[in-house]
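Student: I'm new to this structure and don't want the whole tour. Pick a single part, please, and walk me through it slowly, along with whatever connects to it.

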Amino acid sequence: MTEFDLVIRGGTVATASDVFAADVGIANGLIVALGRDLGVARQEIDARGRLVLPGGVDTHCHIEEPPAGKVRNADTFSSATASAAAGGTTTVIPFCMQEKGGVITPSLRDYHRKAEQAMIDYSFHLIITDPSDAALAELPGLIEEGHRSLKIFLTYDNMVLDDAETLKVLALARRCGALVCIHAENHAAIAFLTEALERAGLTQPKYHAWAKPVAVEREACHRVISLAELVDTPIHIFHVSGVEPAEEIRRAQQRGLKVFAETCPQYLMLTADDLDKPGFEGAKFLCSPAPRTQADKEALWGFLRDGTLSVFSSDHAPNRFDDRHGKKVEGEDAPFSVVPNGVPGLETRLPILFSEGVSSGRIDLPNFVALSATNPARLFGLHPRKGAIAVGADADIAIWNPDRKVKIRNANLHHQVDYTVYEDVEVTGWPEITLSRGEIVCWEGEIVGHPGRGRFVPRAPYEHIAPTGRFVTPFDPVSGRTVKGS
Ligand code: DUC
Ligand code: ZN
Ligand code: ZN
């Protein structure tokens, strides 16, 4: 008779397609059996009345990035991954950033060293800030090593790529087999609006949303979709904030393009009004794209249900509020344009989606599993090892109490940021136990995993990054060949 290392007994298992009663048998860090009344185990978890779900896969989170001027990330790999685990997440993909003017390898070496303190498994996106010949020459080797996703920005002074640079990265990604992720906002338009607002003396945090209206995001989405279509490269659009950009994406998908997209908790929970708090308080909510309207918030659920937005990530940005290395880097009277962007959220991502989605009846449980774990794992080449409860998958599992009510309090979270934008929000449903490769890393809010147990997960070529084979003219500009049937 098989002896398991661990059996999770009596729970309700949910996958991206099914919900069923089963015990989960684990051996050597893997799921080895699913069924009723599994046999002997060295350790057991009683999961009666609980949901047994794949551990979350958070494919957009900022962890221990190098300082930007005086701004420093508050989290280390150790604190960020502990926080992720406490929130039911078992794999993260943060960002290794190319230093402007430099190549990528030194940053990547350094980032791998920092990540050795992770408590859960991880992979990396490579942020390309400067697609110089030297940087582009390194990329095929780095992609081959398993770094199969790149991120580019269409805004921010020190990171923006113009259309020609964007095309270069897209073409290389297609040649080498990598997914290009995009921060889509129109840089020149934002600079123009920011300057005009500052000239008019309108510099408080609430004007961040005026400098970045939805049109700048919609335009950039449309543009990058068009550029990707020209070279037939699959893309993934990050942090979609509302209806107009989501409609651009849906149109592209309906035309058969490989355009994928995500949204994040802040766009389901916040509006531009949150930036309009007394004093500097609004800076806590300042993120890009900016939070939109109540109508956008509500409509995003429809795009999550119909698959236009197939991934739900945190975009965890660990900037402290009351800190000269965080939101207050230039003091409390500083204009919105110098406040670091982003909100923290590794630990609250899944409780928010579960509570606002499943408990509130907006999405069903398989949809929750798909958005939080299975789809991101598939889209980024981690599936079926990650994001699945299936025989042979890593035993990355979160055991949820669907009825537990928790009032979110920053004091109870495990990140090193001094605030959450969800302070006092009550959620229904909470992950009580998290396992990574069969080891309990969080038990009832207590971190029991150790830093350094997480492993880098290299990614091989996979289906989502394959081109469609369709071109806008009878010529493929990447291969230089004339093609038929376009
Ligand atoms: N974009 C991100 O992806 N994260 C934080 C800030 C930003 O603008
Ligand atoms: Zn971004
Ligand atoms: Zn981000």
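Tutor: Let's start with strand β16 (residues 397-407), which gives three residues to the lining of the second largest pocket, the largest share of that lining. A strand here is a DSSP run of E, at least two residues long, and a helix is a run of H or I with at least four; both are numbered from the N terminus. Keep in mind that this is a predicted model, where local features need pLDDT of at least 70, side-chain atom pairs count only at pLDDT 80 or more, and totals for chains, interfaces and linings use all residues, while side-chain values use heavy atoms, without hydrogens and water. Residue numbers run from 1 along each chain as its sequence is written, and chains are lettered from A and ligands numbered from 1 in the order in which they are written.

So what's around the pocket? Its lining is made up of A86, E347, R404, V406, K407, I408, R409, N412, L413, H414, W430 and G445. (A pocket is an open set of points on a 1 Å grid over the protein atoms alone, where a 1.4 Å probe fits, with protein on both sides within 12 Å along at least five of seven lines; lining residues have an atom within 4 Å of a point.) The volume comes to about 180 Å³, meaning the space filled by probe spheres set on the points, which are joined across faces, edges and corners. By type, the lining splits into five nonpolar, three polar and four charged residues. Asp, Glu, Lys and Arg are the charged ones; Ala, Val, Leu, Ile, Met, Phe, Trp, Tyr, Cys and Pro are nonpolar; the others, Gly among them, are polar.

Now follow β16 away from the pocket. It runs antiparallel to β5, with four bridges joining them; strands count as paired when DSSP finds at least two bridges between them. One spot to look for is P54, which sits opposite I397 of β16. β5 (residues 51-54) also has a parallel partner, β1 (residues 4-14), joined to it by two bridges. There, V13 faces V52 of β5.

The loop between α12 (365-379) and β16 is worth a pause too, as it holds P384. The peptide bond between H383 and P384 is cis, with omega about 5°.

Back at the pocket, remember G445 on the list of lining residues? Look at E444, in the loop between β18 (439-443) and β19. Its phi is positive, near 50°, even though E444 isn't a glycine. With a relative accessible area of 45%, E444 is partly exposed; buried would be under 20%, exposed over 50%, partly exposed in between, using a 1.4 Å probe and protein chains only.

For a sense of scale, swing over to the largest pocket, at about 1400 Å³. It has 50 lining residues, and A68, Y156, N158, M159 and N341 are the closest to its centre. Among the elements that each supply at least two lining residues are α2 (105-115), β11 (149-153) and α5 (187-199). That lining divides into 21 nonpolar, 18 polar and 11 charged residues.

Y156 has a twist of its own: its phi is positive, about 85°, and it isn't a glycine either. You'll find Y156 in the loop between β11 and α4 (163-176). At 22% relative accessibility, Y156 is partly exposed.
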